[in-house]
Amino acid sequence: MLAIFHKAFAHPPEELNSPASHSGSRKPKLPDETLREFVSHHPNNTFSMTFGDAAALAYVRPDNPFSLRQRLFCGFDDIYCLFMGSLNNLNQLNKQYGLAKGSNEAQFVIEAYRTLRDRGPYPADQVVKDLDGSFAFVVYDSKIGTVFTALGSDGGEKLYWGIAGDGSVVICDDKEVIKAGCAKSYAPFPKGCMFHSEGGLMSFEHPMNKMKAMPRVDSEGVMCGANFNVDKFTRVNSIPRRGSESNWMEWDSH
């Protein structure tokens, strides 16, 4: 899967952007170039959508629709979800959120996001932590320009993120695509973590601890983005909450 979001509303950690990307021989590409390359890898079974200059989403339809490593895409009420993997407790979650029994994982994630956005009865980290299985997902709320992504902690799915030539955020499961598109400004998306375009990056397993950027050096000895790990010695002031006039994942720093 591939998701690209304009820098105006997606705010990734600054440490992802490596100065080496702009000084080396291989420069980061513009978003439309990366989208074309992704589609060219699977020209016969790739579906893509663009939202003007704001965002682009693409996914490869699975060769085996009954595989446990699902690739799903769906949209509802101007909210779109790319989902990889499977949830062992999907039936329980569908029942909890009032969804039809046959709803798939992407449909569930959209409903969970809508619940968090509109009512926020639970902390976002608790909702994601309740997902049992191997998963990676990206949600784009095109109505308000919000990005929400998460990667399970078991390592069953891989996800990478980086910075395109125009500063846009690129999220992809294909390492070669993101290396070509982001040059030196990319890194693995951290397992057991979630990212929100306003709330930032946090661990849903350790929500009370801050994330620490650790510089990455590639095989050429060049700085290449950053790995993000839970800082067990530094705690946040409070867990994310939903304020009456703030985003549901905004940090309360007071």
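These are my notes on a few things I looked up in this structure, which is a predicted model.

**Entry 1: two helices**

I started with helix α2, residues 31-41, and helix α6, residues 175-182. I asked at what angle their axes cross. The axes come within 10 Å and cross at roughly 155°. Angles over 145 degrees count as roughly antiparallel, so α2 is roughly antiparallel to α6. I also noted the hand of the crossing of α2 and α6, which is right-handed.

Next I asked which residues make the contact. From α2 I listed Thr34, Glu37, Phe38 and His41. From α6 I listed Val177, Ala180 and Gly181. Sorted by class, the contact of α2 with α6 has 3 nonpolar, 3 polar and 1 charged residues.

**Entry 2: cysteines**

I then looked for disulfides and found that the structure holds 0 of them. I checked two cysteines one by one.

Cysteine 81 is in no disulfide. Its nearest cysteine sulfur belongs to cysteine 74 and lies 5.7 Å away. A disulfide needs the two sulfur atoms within 2.5 Å. Is cysteine 81 buried or exposed? Cysteine 81 counts as buried, because its relative accessibility is 0% and the cut-off for buried is under 20%.

For cysteine 182, I asked why there is no bond to the closest cysteine sulfur. That sulfur is in cysteine 172, and the distance of 8.9 Å is too far for a bond. Cysteine 182 has a relative accessible area of 1%, so I wrote it down as buried.

**Entry 3: arginine 36**

I went back to helix α2, where arginine 36 is found. Arginine 36 has 53% relative accessibility, and therefore counts as exposed; the cut-off for exposed is over 50%. I also looked up its distance to serine 48. The two residues are 12 apart in sequence, and their C-alpha atoms are 9.9 Å apart in space.

**Entry 4: glutamine 92**

My last residue was glutamine 92, whose place is in helix α3, residues 90-96. Is glutamine 92 buried or exposed? Glutamine 92 counts as exposed because its relative accessibility is 55%. I then asked how far glutamine 92 is from asparagine 44. In sequence they are 48 residues apart, and from C-alpha to C-alpha the distance is 35 Å.

Terms used: Residues numbered from 1 in each chain as written. Predicted model: local features only at pLDDT ≥ 70, side-chain atom pairs only at ≥ 80, totals over all residues. Heavy atoms only, no water. Axes fitted to C-alpha atoms, helices over the stretch in contact; angles between N-to-C directions. Helix = DSSP H or I, 4+ residues; strand = E, 2+ residues; numbered from the N terminus. Parallel < 35°, antiparallel > 145°, perpendicular 65-115°, else oblique. Left-handed = near helix turned anticlockwise from the far one by under 90°. Contact = heavy atoms within 4.5 Å. Nonpolar A, V, L, I, M, F, W, Y, C, P; charged D, E, K, R; others polar. Buried < 20%, exposed > 50% of the residue type's maximum accessible area, 1.4 Å probe, protein only.
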